[in-house]
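Subject: Handover of a model, with notes on its side-chain contacts

Dear colleague,

I am handing over the structure below, and after it you will find my notes on what turned up in it. Please read them alongside the coordinates and the sequence.

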Amino acid sequence: MIYFDNSATTIPYNEALLTYQEVAKKIIGNPSSLHQLGSNASRVLEASRKQIADLLKVGADEIFFTSGGTESDNWVIKGVALEKLSYGKHIIVSAIEHPAVKESAKWLEKLGFVISYAPVTKSGFVDLEKLAGLIRKDTILLSIMAVNNEIGSIQPIEAISELLADKPNISFHVDAVQAIGKIPLSSYLTKRVDFASFSGHKFHAVRGVGFLYKKNGKRLTPLLSGGGQEKEERSTTENLAAIASMAKALRLTFEKENFAVKKMLAMKLVLKKALESYEDITLFSNLDNFAPNILTFGLKGVRGEVLVHALEEHSIFISTTSACSSKAGKPSGTLVSMGIPTKIAQTAVRISLDEDNDMSQIEQFLTIFKQIYQKTQKVR
């Protein structure tokens with residue numbers, strides 16, 4: 001099997017799975033319980049929080065555990081809107097955000113909020129000049145992803161931070177789900193960023209756990225009420241084993257980052273060069289200012305899902321851009337926002353690499369792809 005769908009989900013590290021198993025078996029108390037078993041669980045919880053905070057170079061009291069990126073995104077978009085209702089109802093998100101952000105914004109629109117969508121360039125980057133023109137006196141929130149999940153374009157978070165430097169009343173949220181272990185931390189967790197979303201299964205933790213960075217002094221209306229966990233910000237019994245596992249996975253990811261980035265980029269270069277040699281291939285991803293692990297392309301006249309299943313027959317697994325929208329059969333929202341015609345956007349497929357992949361897998365993929373390319377010649 002060749003797994004090239006790491007932007008959808010990664011395979012958990014063995015060490016992270018062992019941590020999950022050990023904590024699940026041995027730390028049986030509820031962190032909120034007053035007895036010794038509860039105290040033991042609470043210590044593991046806070047140790048995990050501190051480890052994650054230290055790795056991100058933020059305060060432990062700025063880390064809040066969630067079920068993943070979607071919940072974190074929902075919490076920020078809706079939580080900021082409700083918290084700052086008296087200050088304004090205008091929110092800006094980019095045209096290429098993850099559905100967790102865009103759908104949350106659309107939900108708020110039904111409640112009377114005004115949503116502006118910052119356009120992107122033909123290459124898939126937020127247009128800074130047009131973004132600046134969208135800012136109003138009643139703007140309360142701006143949400144921009146760090147790395148686009150469909151084509152891998154790295155958004156100009158540092159430049160946007162400078163744009164907001166004299167606008168402290170606008171909360172700045174970054175969806176950093178695809179950024180961990182792929183681009184430098186300083187490029188997406190700037191001092192101006194107020195909130196940032198993270199998802200464990202994107203960096204080799206188990207599924208169903210993530211965390212939110214919330215800068216000290218920034219407020220969010222809680223979406224979950226009940227037992228008062230996470231400083232009464234997010235009520236529900238913490239998924240302790242998954243949280244400890246995620247802290248381990250994050251540490252390993254940062255330890256391997258330099259090696260992993262170089263390896264992924266080398267594989268991406270080989271893939272890009274090979275695919276460029278085909279006449280009927282359209283490349284949607286590039287090298288400069290793009291994540292080292294994502295390469296999105298299309299085969300003329302062949303819908304993305306057809307190519308996905310053709311490769312699957314050879315035990316090679318890729319995706320049609322975003323995993324969250326691929327089953328809906330819709331063309332890539334990012335490509336459409338870039339001005340790519342729908343017919344071409346429907347051909348898009350995404351290869352997303354990991355340090356576990358190697359050049360022999362790249363060679364095997366290219367061999368099989370050549371066969372598929374020849375078989376689809378009549379369609380083209």
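A salt bridge is taken here to be a side-chain nitrogen of Lys or Arg within 4 Å of a carboxyl oxygen of Asp or Glu. Please keep in mind throughout that this is a predicted model.

Salt bridges

By that criterion the structure holds 17 salt bridges, and a few of them are worth going through one by one. In one of them the side chains of Lys 106 and Glu 103 come together, with 3.5 Å from N to O. These two residues lie three residues apart in helix α4 (residues 99-109), and therefore about one helical turn separates them. Lys 106 counts as partly exposed, at 37% relative accessibility, and Glu 103 counts as partly exposed as well, at 45%.

Glu 233 and Lys 214 also meet through their side chains in a salt bridge, with an N to O distance of 3.7 Å. This pair links distant parts of the chain, since Glu 233 sits in the loop between α7 (229-232) and α8 (240-276) while Lys 214 belongs to strand β8 (residues 210-214), with the two positions 19 residues apart in numbering. Are these two residues buried or exposed? Both Glu 233 and Lys 214 are buried.

A further salt bridge joins the side chains of Arg 251 and Glu 255, at 2.7 Å from N to O. Both residues belong to helix α8, where they are four residues apart and so are separated by about one helical turn. Arg 251 is partly exposed, with a relative accessible area of 29%, whereas Glu 255, at 53%, is exposed. Elsewhere, salt bridges that share partners bring Arg 192, Asp 194, Lys 215 and Lys 218 together into one network.

Aromatic pairs and charges over rings

The structure also holds nine aromatic pairs. In one of them Tyr 278 and Phe 369 are arranged edge-to-face, with their centres 5.3 Å apart and an angle of 85° between the planes. The two rings come from distant parts of the chain, Tyr 278 from the loop between α8 and β9 (281-283) and Phe 369 from helix α13 (residues 359-375), which places them 91 residues apart. Tyr 278 is buried, with a relative accessible area of 17%, and Phe 369 is buried with a value of 0%.

Phe 369 also forms an edge-to-face pair with Phe 297, for which the distance is 5.7 Å centre to centre and the angle between the planes is 85°. Here too the pair links distant parts of the chain, for Phe 297 lies in strand β10 (residues 294-299) and Phe 369 in helix α13, 72 residues apart. Phe 297 is buried, as is Phe 369. Which residues do the ring pairs link into a cluster? The cluster consists of Phe 4, Tyr 278, Phe 297, Phe 365, Phe 369 and Tyr 373.

Two lysines are placed over aromatic faces: Lys 78 lies over the face of Trp 107, at 4.7 Å from the ring centre, and Lys 89 lies over that of Phe 113, at 5.9 Å from the ring centre.

Surface patch and strands

On the surface, Leu 82, Leu 223 and Leu 224 make a nonpolar patch of about 220 Å². Of these, Leu 82 has its place in helix α3 (residues 69-83), and at 37% relative accessibility it counts as partly exposed.

Strand β5 (residues 139-145) presents another setting, because seven of its seven residues are buried and the strand is therefore largely enclosed by the rest of the structure. Strand β3 (residues 90-94) runs parallel to β5 and is joined to it by four bridges, with Val 93 having Ser 143 of β5 as its bridge partner. Strand β6 (residues 171-175) is likewise parallel to β5, and five bridges join the two; there Leu 142 stands opposite Phe 172 of β6.

With kind regards

Definitions and conventions: Residues are numbered from 1 along each chain as its sequence is written. This is a predicted model: local features need pLDDT of at least 70, side-chain atom pairs count only at pLDDT 80 or more; totals for chains, interfaces and linings use all residues. Side-chain values use heavy atoms; hydrogens and water are left out. Buried means under 20% relative accessible area, exposed over 50%, partly exposed in between (1.4 Å probe, protein chains only). Rings of Phe, Tyr and Trp (its six-membered ring) pair if their centres lie within 6.5 Å; planes under 30 degrees apart count as stacked, over 60 as edge-to-face and the rest as tilted. A charge sits over a ring if NZ of Lys or CZ of Arg is within 6 Å of the ring centre and within 35 degrees of the ring normal. Patches are made of residues with over 30% relative accessible area and no salt bridge: like charges are joined within 9 Å, nonpolar side chains (Val, Leu, Ile, Met, Phe, Trp, Tyr) within 5 Å. Accessible areas come from the Shrake-Rupley method with a 1.4 Å probe; for residues, only the protein chains shown count as cover. Two strands pair if DSSP finds at least two bridges between them.
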